[in-house]
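Please open the model in a viewer and keep the sequence panel visible. The tour proceeds by selection, with a short account of what is found at each stop.

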Amino acid sequence: MTARRGPDFRLEDAVRDPGFSPRRADVPALVDLVAKNAEEAEPAARALSGRAAPAEVVRAELMAKALAATAPGERSRLTALAGRIALVHPDEALQAFLFERLGDADTRTRKSAATALGKMRGEAVAEALSKALAGEGEGSVRRALVEALGKAGGAEAASLLADMDAGEDPRLDEMRAKAQLMAARTAGREVPSSFDADKPAAAPVPVVLHCRAGLGAILRGEIDKELAPRLHPRAADRVLATLTGPPARLFAARTMLFFGFPLPPEPIGEDGDVVEPLVRALVSPEARALFDHWTVGPVRFRIAWAGGGKRRASTWRAAEEVARRAPALVNDPTESTWEAVVREAGDKLEVELLPRAEDPRFVYRKRDVPAASHPTIAAALVRVAGVQEDDVVWDPFVGSAAELCERALAGPYMRLVGSDRDPAALAAARENLTAAGVADAVLVKGDALSFVPAGPRPTLVITNPPMGRRVLRGADLGMFFDRFLDNVARVLAPGGRLVWVSPLPGRAVATAERFGLSASLQQDIDMGGFEAQIQVLRKDAGRSMRRPPRR
């Protein structure tokens, strides 16, 4: 039953509410608001194109009013509305209406129809746009049709745009070139493209392994010495190596974020333009060898700028020139197999090719919780903790159990225990541990400041505690972690170790020393916007503290 509206109800006010759902009787008035470009036109269009709107009534009303409209702009605005509705409620009648509007006497209406159809795509759309372009004489409408054809895509559109004569309109010629690239992308997507990580390198090839800043030394230690791993001389978040064999072997490094292949640096000219050196890098023999060797299917790439920003003009110029010099390389930012990351380093341009390879390492990661540990950080903690087969492992902030999963995968242990105050975290932890093939972990609800695991004392406490406001609202972090260290020092077995990420490293070490824990490792790490420190704190093997009562 429809709720009754009050006597002071005004459609113009109600339509401003994003949650407003129009009734059938509201449709004529709302269509009028759009047609007349009233102050409420945009909210009215949003309501009419929403999923809750009575689509058949809206379609009939707006098409009738559009055909009857004579005031300047009305038919154009209603045509644009028809396009919005067709995206939410696909309909042959609406599409046919838009096709007809491509031949409308009103210039603005033809442009609105072209813009709307460009968002729909498909062979029928491309055919209608192509026919309209062949007979269109108005420059602004031709430009709208060209742009729409590029978005609609397809081989026919790409061919038409390639043969099109832009005449004396340089702007139209520029748009035609871009649209041709866009149409060619769409046409080629029917053939899949992938990176074959299991295919051995044809010859030793330079490779860059990326990690969080601060983990470089740990990552280097994970890489087979046969690959000659070495720290990057200028970047704390990268390790250099020489790949032999298949790229899949790089996934043995669990602290790695991703890897890429650096191309030889290209000199930047005195004019400072980076497009020409970028194009030279992408069509170079080194790049083509990488593309051809490891790509299954067509080579699709996208351009990314390491300094940030999209730099659209430079990206388009580079894509057009690459297409001219090497037509087999397709610039496709949506479905690319390779990402070309561009860095300016003084008078040189550095380009690194990052393959989009399927990462098999963290398939256990089925669920996350707020402040969950990233698996590469969990892997780093496990790496510095080491593997001892008699370890009794406890994670007091278990979250989604990344640390316990990584520790279980690293090697044998005696016992795994995880505790958390949040039942949702414990449920996520159980699901992830099960996915990792770990059935013997004990998960218990408990407060890290007071919980004492049952059974043998932990020999390894490993954890990445929550540090943000989302989890520790209102908490004094210093006092919170002081109490945490006190509890760990009491629970930890003599000779045991605490391996964790500390947001207050100096205070943590000083506090730990008061409780009988000494630091054997302090490594700064980038946590994505702020720095923290991986610490290994050891309890004196001869120090025995009274076991606290369970609380």
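Which residues are buried in helix α6 (residues 92–101)? In this predicted model, select α6 and display its side chains: Leu94, Phe97, Leu98 and Arg101 are buried. These residues cover an arc of only 95° around the axis, which puts them on the same side of α6. The spacing follows a general rule: an α-helix has 3.6 residues a turn, so residues three or four places apart point the same way. Now turn to the other side of α6, where Glu92 and Glu100 are exposed.

Next, add α4 (55–68), α5 (74–88) and α7 (107–118) to the selection, since the buried residues of α6 pack against these three helices. Before leaving α6, centre on its N-terminal end, which is capped by Asp91. Here a side-chain oxygen of Asp91 lies 2.8 Å from the backbone nitrogen of Ala93.

**Two helix crossings**

Keep α4 on display and select helix α2 (residues 27–35). The axes of α2 and α4 come within 10 Å and cross at roughly 45°. That angle makes α2 oblique to α4. The contact is made by Val27, Pro28, Val31 and Asp32 on the α2 side, and by Val57, Val58, Glu61, Leu62 and Lys65 on the α4 side. The crossing of α2 past α4 is right-handed.

For the second crossing, select helix α16 (residues 375–385) together with helix α17 (residues 402–410). At what angle do their axes cross? The angle is roughly 50°, and the axes come within 8 Å. The two helices are therefore oblique to each other, and their crossing is right-handed. To inspect the contact, show Pro375, Ala378, Ala379, Leu381 and Val382 in α16, which meet Ala402, Glu403, Glu406, Arg407 and Ala410 in α17.

**A threonine in a strand**

Move to strand β7 (residues 295–296) and select Thr295. Is Thr295 buried or exposed? Its relative accessibility is 11%, so Thr295 counts as buried; the cut-off for buried is under 20%. The side chain of Thr295 reaches the backbone oxygen of Phe291 at 2.7 Å. A polar contact at 2.8 Å also joins the side chains of Thr295 and Trp338. When neighbours within four places in sequence are left aside, Thr295 is in contact with Ser193, Ser194, Leu290 and Trp338.

**Three alanines in loops**

Select Ala228 in the loop between α12 (216–222) and β3 (230–231). Ala228 has a phi near 50°, a positive value in a residue other than glycine. As a general matter, most residues other than glycine have a negative phi. Ala228 is partly exposed, with a relative accessible area of 39%.

Ala371 offers a further positive phi, of about 65°, and is likewise not a glycine. Ala371 can be found in the loop between β11 (348–355) and α16. At 35% relative accessibility, Ala371 counts as partly exposed.

The last stop is Ala454, in the loop between β14 (442–445) and β15 (460–463). Ala454 is partly exposed, its relative accessible area being 34%. Finally, draw a distance from Ala454 to Val417: the two residues are 37 residues apart in sequence, and their C-alpha atoms are 9.2 Å apart in space.

Methods: Residues numbered from 1 in each chain as written. Predicted model: local features only at pLDDT ≥ 70, side-chain atom pairs only at ≥ 80, totals over all residues. Heavy atoms only, no water. Helix = DSSP H or I, 4+ residues; strand = E, 2+ residues; numbered from the N terminus. Buried < 20%, exposed > 50% of the residue type's maximum accessible area, 1.4 Å probe, protein only. Arc of directions from axis to C-beta. Contact = heavy atoms within 4.5 Å. Polar contact = N/O pair within 3.5 Å; in protein donor to acceptor, adjacent residues only side chain to side chain. Axes fitted to C-alpha atoms, helices over the stretch in contact; angles between N-to-C directions. Parallel < 35°, antiparallel > 145°, perpendicular 65-115°, else oblique. Left-handed = near helix turned anticlockwise from the far one by under 90°.
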